Amino acid sequence: MNTDVKTAVGEQLAERVAQPEREYLTPEERLLLRFYRQLDQGEQAFMRRAIEALATRDSPK
């Protein structure tokens, strides 16, 4: 497991901006993200199209 910490480089805005509420990932979601990130660019594009197709199809009644 990689435990490296990455930090952003640059200046932070002086004004506050609205931030969405933090959402925590389940262990299953973390596993899926790790799997997805290991895919090459073409495989990631295929997975996105497949997931979009599943998410937009009509659910059976």
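Which backbone oxygen does the side chain of Gln-44 reach at 3.0 Å? The views below answer this for a predicted model, in which local features need pLDDT of at least 70, side-chain atom pairs count only at pLDDT 80 or more, and totals for chains, interfaces and linings use all residues. Residues are numbered from 1 along each chain as its sequence is written, and side-chain values use heavy atoms, with hydrogens and water left out.

**View 1. The whole chain has two helices and zero strands.** Helices (H or I, at least four residues) and strands (E, at least two) are DSSP runs, numbered from the N terminus. Of the 61 residues in the chain, 5% are buried; buried means under 20% relative accessible area, exposed over 50%, and partly exposed in between, with a 1.4 Å probe and protein chains only.

**View 2. Helices H1 and H2 pack at an angle of about 135°.** Two packed helices are described by the angle between their axes and the distance between the axes. Here the axes of H1 (residues 27-37) and H2 are 9 Å apart. H1 and H2 are therefore oblique to each other, since angles under 35 degrees count as roughly parallel, over 145 as roughly antiparallel, 65 to 115 as roughly perpendicular and the rest as oblique. Phe-35, Tyr-36 and Arg-37 of H1 meet Gln-44, Met-47 and Arg-48 of H2 in this contact, where contact means heavy atoms within 4.5 Å.

**View 3. Gln-44 of helix H2 reaches the backbone oxygen of Tyr-36 with its side chain.** The distance is 3.0 Å. Gln-44 counts as buried because its relative accessibility is 18%.

**View 4. Arg-48, also placed in helix H2, makes a polar contact with Tyr-36.** The two side chains come to 2.7 Å; a polar contact is a pair of N or O atoms within 3.5 Å, and within protein one must be able to donate a hydrogen and the other to accept it, while residues adjacent in sequence count only if both atoms are side-chain atoms. The C-alpha atoms of Arg-48 and Tyr-36 are separated by 9.7 Å. Arg-48 is partly exposed, at 39% relative accessible area.

**View 5. Asp-40 caps the N-terminal end of H2.** A side-chain oxygen of Asp-40 lies 3.1 Å from the backbone nitrogen of Gly-42.

Definitions and conventions: Axes fitted to C-alpha atoms, helices over the stretch in contact; angles between N-to-C directions.
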